[in-house]
Amino acid sequence: MGLIENTKTYTGNDLETIFFRPILNGENAEQLGIRMLYNMPVPTTIQLWSPRTDILQEYEAGWRGGDAADRVQKTIEMQKVKAEVGFSASDYFQQVYERIVARADVNLDDLTGTELEAAETEMFRAAVAESLRATMWIGDVTATAYNKFDGFIKKILASSALKSANLGNIKPQKDNIISILSAMWSAAPAELKSMKGDGNLVFLVTSDVYDAYEQYLDSCGSDAAYTDLSTGRRELSYHGIKLIDMGISHLLPSTSLPETICLLTDRRNLVLAVNTADYPGSEVRMWYNPDAMENRQRAIFMVGCEVLDESLVVTAGLDE
């Protein structure tokens with residue numbers, strides 16, 4: 001068996017349950033540090049409710065409900081996109097075959113179509129997920145790459161409502177990282193600080209910030225620090241607020257964005273929306289082209305991201 005020729009097409013419920021929902025739900029989605037919406041009606045609109053905070057009244061007959069809750073509405077602009085990948089037949093087979101043989105429960109003398117299909121699907125799904133992840137952070141419609149929609153960082157840095165700790169152009173190191181994080185917390189608006197108890201506040205950082213904080217923890221000289229130095233840490237937190245490495249440091253030099261980024265916000269404030277239900281023609285297709293001797297993969301869907309409230313984002317002002 002040297003070729004993978006069976007055409008596979010996912011539409012409707014299969015497109016949702018087999019291909020996209022595993023990308024957009026579960027632990028991997030949580031680790032991104034944002035809020036994800038899947039197949040919300042298009043146009044995708046987020047309702048922000050701000051109820052009255054003082055509603056207690058003296059007990060007496062009659063209705064004195066007062067003013068209704070304030071509602072702020074924000075629409076996520078969705079873009080129609082497609083993802084396409086082509087491999088030579090031999091290279092494609094080797095990549096898919098490698099994913100199969102890595103499993104201990106596979107009988108290599110009896111590879112079924114189902115196992116091949118699962119390996120093909122997983123390979124393409126991972127490629128689409130990585131492209132979505134990178135674009136939602138560094139997307140810029142004026143750039144030459146990752147330009148299908150503006151990402152979170154461009155939207156945040158372009159906002160006049162953004163709060164900054166005004167630290168100037170300094171590089172994060174283990175000796176100053178605590179001062180950086182502390183200054184960001186001090187610069188945070190009271191409304192953002194009040195959300196800490198919900199457990200959704202995050203520091204979204206580039207790798208240099210993450211590494212500087214980890215080096216600081218290593219230098220603390222406690223038994224716990226020694227253990228973590230030996231075994232590693234699953235995650236980092238500062239005063240109960242998680243630090244999440246956006247995983248974009250290797251991409252930033254080719255963009256117009258700062259190479260050091262540190263943001264403090266509520267993860268529910270950053271929304272990535274993907275839709276495969278309200279756009280005719282949405283599908284994932286994988287097929288073999290005998291004329292070009294090439295295995296091809298294509299996904300068609302809608303995607304967009306939005307910062308719901310830029311005033312609830314604090315930046316360290318690094319490398320501006």
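Helix α8, residues 207–218, lies across β7, β8, β9 and β10. The direction of α8 makes about 80° with that of β8. The model described here is predicted. Its chain contains nine helices and 14 strands. Of its 320 residues, 42% count as buried. Among contacts with a separation of 6 or more, 76% join residues 24 or more positions apart.

The strands under α8 belong to an open sheet of six strands. The order is β6-β14-β10-β7-β9-β8, and the pairing is mixed. Strands β6 (163–164) and β8 (236–238) are the edges, and each pairs on one side only. Helix α6, residues 177–187, also packs on this sheet. Helix α6 touches β6, β7 (201–205), β8, β9, β10 (262–266) and β14 (314–315). Its direction makes about 40° with that of β10. In general, the strands of a sheet pair through backbone hydrogen bonds, either parallel or antiparallel. Strands β8 and β9 (residues 241–245) are antiparallel, with three bridges between them. Within this pair, S237 has K242 of β9 as its bridge partner.

The two helices also meet each other. Helices α6 and α8 pack at an angle of about 115°, and their axes are 9 Å apart. From α6, the contact uses I177, I178 and L181. From α8, it uses V209, A212, Y213 and Y216. By class, this contact has seven nonpolar residues, no polar ones and no charged ones.

Which residues of α6 are buried? They are I177, I180, L181 and M184. These residues lie on the same side of α6, because they cover an arc of only 90° around the axis. Their cover includes β7, α8, β8, β10 and β14. I177 and L181 thus appear in two lists: both are buried, and both take part in the contact with α8.

Charged side chains add further links. Side chains of opposite charge can pair when their charged atoms come close. The whole structure holds 14 salt bridges. One of them joins K74 and E310, with N and O 3.6 Å apart. This pair links distant parts of the chain, 236 residues apart. K74 sits in strand β4 (residues 70–76), while E310 sits in the loop between β13 (294–307) and β14. Is E310 buried or exposed? E310 counts as buried because its relative accessible area is 18%, below the 20% cut-off.

A second salt bridge joins R268 and D198, and their closest N and O atoms are 3.0 Å apart. This pair, too, links distant parts of the chain, with the two positions 70 residues apart. R268 is in the loop between β10 and β11 (270–275). D198 is in the loop between α7 (190–193) and β7. R268 is partly exposed, at 34% relative accessible area. D198 is partly exposed as well, at 47%.

A third salt bridge involves K242, the bridge partner of S237. The side chain of K242 pairs with E235, and the closest N and O atoms are 3.5 Å apart. K242 is partly exposed, with a relative accessible area of 34%. E235 is also partly exposed, at 43%. Elsewhere, K82, E84 and R298 are linked in a network of salt bridges.

Strand β12 (residues 283–289) is mostly covered, with six of its seven residues buried. How many bridges join β1 to β12? Three bridges join them, and β1 (residues 8–10) runs antiparallel to β12. Here K8 stands opposite M286 of β12. Strand β12 also pairs with β13 in the antiparallel sense, over seven bridges. In this pairing, N289 stands opposite E294 of β13. Together β12 and β13 form a hairpin with four residues between them. In the turn, M293 has a positive phi of about 50°.

One loop residue completes the account. T144 lies in the loop between α4 (113–138) and α5 (152–157). T144 counts as exposed because its relative accessibility is 81%, over the 50% cut-off. T144 and S254 are 110 residues apart along the chain, yet their C-alpha atoms are separated by 9.6 Å.

Technical notes:
Residues numbered from 1 in each chain as written. Heavy atoms only, no water. Pairing = 2+ DSSP bridges. Contact = heavy atoms within 4.5 Å. Axes fitted to C-alpha atoms, helices over the stretch in contact; angles between N-to-C directions. Salt bridge = Lys/Arg side-chain N within 4 Å of Asp/Glu carboxyl O. Buried < 20%, exposed > 50% of the residue type's maximum accessible area, 1.4 Å probe, protein only. Nonpolar A, V, L, I, M, F, W, Y, C, P; charged D, E, K, R; others polar. Arc of directions from axis to C-beta.
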